[in-house]
Amino acid sequence: MQTVAVSELRANMMNIIKKIESGASIQISSRGKVVAKLVPPDRSRESARNKLAEIGKNAVIHDVVSPVDVD
């Protein structure tokens, strides 16, 4: 994980944001001490919903609770 000083963060904010958008996590330091961490947002829920929606387009839903030999 990359560590960036607050002064460098101020000077290069857009470049650092682009790195975070691409998946990097960056620690922010002030006077040599880490004070914060910037991480990309967790999009796992959104991704899972999109996959379920895609699967649902072709899925055939049946009764999965009843025994197999019962109509």
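Leaving aside neighbours within four places in sequence, with which residues is Gln2 in contact? The close-up views below, taken from a predicted model, begin with this residue.

**View 1. Gln2 and its contacts in strand S1.** Gln2 belongs to strand S1, which covers residues 2–5. Beyond the neighbours within four places in sequence, Gln2 is in contact with Lys19, Ser25, Ile26 and Gln27. Ala24 stands 22 residues away from Gln2 along the chain, yet the C-alpha atoms of these two residues are separated by 8.3 Å. The relative accessibility of Gln2 is 34%, so this residue counts as partly exposed, a class that lies between the buried limit of under 20% and the exposed limit of over 50%.

**View 2. A nonpolar surface patch that includes Met13.** Met13, Met14 and Ile17 together make a nonpolar patch of about 280 Å² on the surface. Met13 is placed in helix H2, which comprises residues 13–21. Because its relative accessibility is 37%, Met13 counts as partly exposed.

**View 3. Arg31 in the loop between strands S2 and S3.** Strand S2 (26–30) and strand S3 (33–38) are joined by a loop in which Arg31 lies. The backbone of Arg31 has a positive phi of about 55 degrees, although this residue is not a glycine. Arg31 counts as exposed because its relative accessibility is 87%, and the limit for that class is over 50%.

Note on methods:
Residues numbered from 1 in each chain as written. Predicted model: local features only at pLDDT ≥ 70, side-chain atom pairs only at ≥ 80, totals over all residues. Heavy atoms only, no water. Helix = DSSP H or I, 4+ residues; strand = E, 2+ residues; numbered from the N terminus. Buried < 20%, exposed > 50% of the residue type's maximum accessible area, 1.4 Å probe, protein only. Contact = heavy atoms within 4.5 Å. Patch = residues over 30% accessible without salt bridge, like charges linked within 9 Å, V, L, I, M, F, W, Y side chains within 5 Å. Areas by Shrake-Rupley, 256 points an atom, 1.4 Å probe, with all protein chains shown as cover. Salt bridge = Lys/Arg side-chain N within 4 Å of Asp/Glu carboxyl O.
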